[in-house]
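Q: I would like to learn how to read a structural model feature by feature. Could you take me through this one?

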Amino acid sequence: GAPPAAVPRLAPGPWAITALLFVAAAAQLRVQGRLWWCACGGWNPWSGDTWSRHNSQHLADAYLFSHVLHGFLFAGALAWLTPRLAAAWRLAISTGIETAWEIIENTEFVINRYREVTASLDYRGDTVANSLGDILGCTLGLWLARVLGLWRTVAIAIAVELVMLGWIRDNLTLNVLMLLWPVPAIREWQSAL
């Protein structure tokens, strides 16, 4: 008879790298002085009030949706730049980029920049749990984009941006704009919430 069909093996490399990136992110954020969890001691996984001291302090908050959009963007960019690259390697690359952003975002320079030019006057940086939740959100976005395809991903991204704009007067587009090229009128509009 015919030999049994070989069972495809998953390459451990990209999965190990992805797991190590989560560990490295947690370690580096602790070195930067980030708390593990909200100083309030409450174990709520979600904080929905972006204007409270709990924002960016629990596992997830409204900005998680922006990190899902990061995953959408990485999925599109990597599909275009590396069309033959295995999905597991795209995950590792995206996780690496998102991890780098979470580490940079929690430096005193960027925290102070948010305070100076955005409506986030009391921003103190993320907890380790929140940063890890944001990285997970990015990986979720990468997976969703792969499952949904281009046009449904684009439609959902636009919907998320519009919902966030109405809900918290902020979204990924405004966040990038205000961080790089602050517009005083937008800051005033956001602060009037």
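The dialogue below goes from the overall layout to single residues.

Q: Before any detail, what should I keep in mind about the origin of the model, and how many helices and strands does the chain have?
A: This is a predicted model, and every value discussed here is computed from it. The chain has eight helices and two strands, and from the N terminus on these elements follow the order α-β-β-α-α-α-α-α-α-α.

Q: Which box do the C-alpha atoms fill, and what percentage of the residues count as buried?
A: Taken along the principal axes, the C-alpha atoms fill a box of roughly 75 × 40 × 30 Å. Of the 193 residues of the chain, 42% count as buried, a class that requires a relative accessible area under 20%.

Q: How should the length of a helix be checked, and what does α6 show?
A: The idea is to compare the distance between the end C-alpha atoms with the span expected at 1.5 Å a residue. For α6, which covers residues 150-168, the 19 residues should span 27 Å, and the end C-alpha atoms are 26 Å apart, which agrees. Helix α5, residues 128-148, can be read in the same way: its 21 residues reach 30 Å from the first C-alpha to the last, close to the expected 30 Å.

Q: Which residues of α6 are buried, and which are exposed on the other side?
A: The general idea is that an α-helix has 3.6 residues a turn, so residues three or four places apart point the same way. In this structure, T153, A157, V160, E161, M164 and I168 of α6 are buried. These residues cover an arc of only 100 degrees around the axis, which puts them on the same side of α6. On the other side of α6, the exposed residues are W151, R152, L162, V163 and G166.

Q: Which residues form a nonpolar patch on the surface?
A: Here one looks for nonpolar side chains that are accessible and also neighbours in space, and for such a patch each member must have over 30% relative accessible area. The patch consists of L150, W151, V154, I158 and L162, which together have about 570 Å² of accessible area. L150 has its place in helix α6, and with a relative accessible area of 55% L150 is exposed.

Q: How many salt bridges does a search of the whole structure find, and which residues form a salt bridge?
A: A salt bridge is read from the distance between a side-chain nitrogen and a carboxyl oxygen, with a limit of 4 Å. The search of the whole structure finds one salt bridge, and E108 forms a salt bridge with R34, the closest N and O atoms being 3.4 Å apart. E108 lies in helix α4 (108-117), whereas R34 lies in the loop between α1 (12-31) and β1 (46-47), so the pair ties together parts that are 74 residues apart in sequence. The two partners differ in exposure class, for E108 is partly exposed at a relative accessible area of 48%, while R34 is buried at 8%.

Q: What is the count of disulfides, and are C38 and C138 buried or exposed?
A: A disulfide is judged from the distance between two cysteine sulfur atoms, which must lie within 2.5 Å, and by this rule the count comes to zero. C38 is buried, with a relative accessible area of 7%, and C138 is buried as well, with 1%.

Q: Which residues other than glycine have a positive phi, and what phi does G149 take?
A: For backbone angles, the sign of phi is read together with the residue type. S56 is not a glycine, although its phi is positive at about 70 degrees; S56 sits in the loop between β1 and β2 (60-61) and is buried, with a relative accessible area of 6%. R169, also a residue other than glycine, has a positive phi near 55 degrees and is found in the loop between α6 and α7 (172-180). G149, just after α5, takes a positive phi of about 85 degrees.

Q: How should separation along the chain be set beside separation in space, as for A75 and G149?
A: The two quantities are best quoted side by side. A75, in helix α2 (residues 64-81), counts as buried at 14% relative accessibility; the C-alpha atoms of A75 and G149 are separated by 9.9 Å, with their positions 74 residues apart along the chain. For A26, which lies in helix α1, the C-alpha separation from W15 is 17 Å, and these two are eleven residues apart along the chain.

Key. Residues are numbered from 1 along each chain as its sequence is written. This is a predicted model: local features need pLDDT of at least 70, side-chain atom pairs count only at pLDDT 80 or more; totals for chains, interfaces and linings use all residues. Side-chain values use heavy atoms; hydrogens and water are left out. Patches are made of residues with over 30% relative accessible area and no salt bridge: like charges are joined within 9 Å, nonpolar side chains (Val, Leu, Ile, Met, Phe, Trp, Tyr) within 5 Å. Accessible areas come from the Shrake-Rupley method with a 1.4 Å probe; for residues, only the protein chains shown count as cover. Helices (H or I, at least four residues) and strands (E, at least two) are DSSP runs, numbered from the N terminus. Buried means under 20% relative accessible area, exposed over 50%, partly exposed in between (1.4 Å probe, protein chains only). The expected span of a helix is 1.5 Å times one less than its number of residues. The arc is that of the directions from the helix axis to the C-beta atoms.
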